[in-house]
Amino acid sequence: MVTVKEGTRPPWVGLGAAVWVQIAAGNAYNFPLYSHSLKSVLGFSQRQLTMLGVANDIGENVGLVPGIASNKLPPWMILSIGAFACFFGYGVLWLAVSRTVLSLPYWLIYDHQAWFMLQLWISLCVATNSSAWLTTAVLVTNMRNFPVSRGTVAGILKGYGGLSAAVFTEIYSVLLRNSSSRLLLFLTLWVPALCFVMMYFVRPCTPAYSEDSAERGHFLFIQAASVVVGIYVLTTTILDDSFSLSAPITYSFITIMVVLLMAPLAIPLKMTLYPKRVGSSGNLDNGDNNADESEPLLKPSISTASLGSFREGNDSSSDIAMLLAVGEGAVKRKRRPKRGEDFKFTEAVIKADFWLLFLVYFVGVGTGVTVLNNLAQIGIAQGTHDTTILLSLFSFGNFVGRLGGGVVSEHFVKTKTIPRTFWMTCTQILMIFIYLLFASAISGTLYAATGLLGICYGVQFSIMIPTVSELFGLRHFGLFYNFMSLGNPLGAFLFSGLLAGYIYDNEAAKQHGLNYLHGTNVSCLGPDCFRLTFLVLAGVCGVGTILSVVLSTRIKPVYEMLYAGGSFRLPQNTSN
């Protein structure tokens, strides 16, 4: 592992590279851009299409294997696995949509559609599972590199992940000229190539355990740069969609976007050109710059390693007494960890707070991803045939929610010790009204409702990530994070695959005078296509709001303990 003194360049290089990897990890958000081609070219019904949407979400969020591997493998190897999954998965989808494999047995012979559907379902799972590998690598590495600013780091990285949909939409509309087959080919080739380039820079470093004004300024710069990128991408997408712009202008849009995405790298560049002097008391061993490439992504807990000074200074006598008690048989077993300390997975899953957080997150992302997966069909049903702007609005809102959720929760948890989950409560209350607005189908509200939903959806991510690390520690964070992420595909399966697709096909059958739709490309028009779905989603968010209030009340004492001094304070005892 690279030994780096506090505030030096490598952690910031890794964060800058992680931004690009997070953009690549957002490849699963492209499903609305090519889903219409799956439906029209391959002749799927809406229910079949929503089941592919479920595969999209399962692949993206089922990251238990990456979470376990993060304890065993270095970051570059995890990134490599993600890159290969992206190549093979999207490669199969490209072959299907482009009709390249028309002559191969069992592929596009519609007498064997069930077999073909299964192959596409598996391929889509593999393709989007690359997101889980890429996100796990960069998120766990950077959360450990910046443990004191974990909320800010989570907000930045997940914010860029949310912004990735708008970036891919810009590429799709400008460079690829709205071609689904070209988009799938782009995902097959260029996303893995980007990961192979960036994997060298994403690596664990010795973290700093104190905040300073320079670090806060660096984070503020990255946050401001990300906002500029978000506004720029949204504006240029709308301009390109509304006006007939020449090729040189549209290509210049892409060039400027790439330059803006490189902004986080300005921090290590500045630190290289203007190095900060460190006094004799701050001298640390820089170690060997040639890092051991086989170093696991997660070694024994930073929390555990950092608590040596606490134990030596304050708890030595109690530790000796404990050892004597164990030796004399007075103490039979080691105590279980308290919230805020490092938990093992088996210790966390028996905690009520663990399942409350999972259920609250499940409600927020499960209902939101239902709208995202059906966004193209929702727009068409309400009379908006060009859904590119809808996806860009949702993506920008998602980005704002992820970035803003991290910034706002970080501020209030340090100044008022307000639990981060309080903001999940607020957004899920707002989501109730948003779904009712969708159900009403009032003219002119579709774009506003889509953008607001994107914000609320994004907040769920940036709150869950630091919350699970604060409650259950960083030692097994990769596994905890990926387990929580199962709420997304579970919600997609229940609310999108079973509910939304079934209601949509039934309404389409009524409009066309059919008894049942199976394997037919028939569209549903009008607000009734999704009205009942939105009403159910509003009710589910009502339940989620109650659960989040209970969770916030339960964990309030934990945050008062962790942030009593106005900044994150590691607990003085750990069980691991």
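This passage describes a nonpolar surface patch and two residues with positive phi in a predicted model.

Seven side chains are not treated separately here but as one surface feature: Phe84, Phe87, Phe88, Leu185, Leu189, Trp190 and Phe196 together make a nonpolar patch of about 730 Å². Two helices, H5 (75–97) and H8 (180–198), each supply at least two residues of this patch, and the largest share, 4 residues, comes from H8. Within H5, where Phe87 is placed, the relative accessible area of Phe87 is 35%, and this residue is therefore classed as partly exposed. Because membership of a patch requires over 30% relative accessible area, the value of 35% for Phe87 satisfies that cut-off.

Turning to the backbone, a positive phi is found at Thr417, where the angle is about 50° although the residue is not a glycine. Thr417 is located in the loop that lies between helix H18 (388–415) and helix H19 (421–440). With a relative accessible area of 16%, Thr417 is buried, because the term applies under 20%.

A positive phi is also assigned to Ala441, which is not a glycine and has an angle of about 55°. The position of Ala441 is in the loop between H19 and helix H20 (446–472). The relative accessible area of Ala441 is 25%, so that this residue is partly exposed, whereas Thr417, at 16%, is buried.

Definitions and conventions. Residues numbered from 1 in each chain as written. Predicted model: local features only at pLDDT ≥ 70, side-chain atom pairs only at ≥ 80, totals over all residues. Heavy atoms only, no water. Patch = residues over 30% accessible without salt bridge, like charges linked within 9 Å, V, L, I, M, F, W, Y side chains within 5 Å. Areas by Shrake-Rupley, 256 points an atom, 1.4 Å probe, with all protein chains shown as cover. Salt bridge = Lys/Arg side-chain N within 4 Å of Asp/Glu carboxyl O. Buried < 20%, exposed > 50% of the residue type's maximum accessible area, 1.4 Å probe, protein only.
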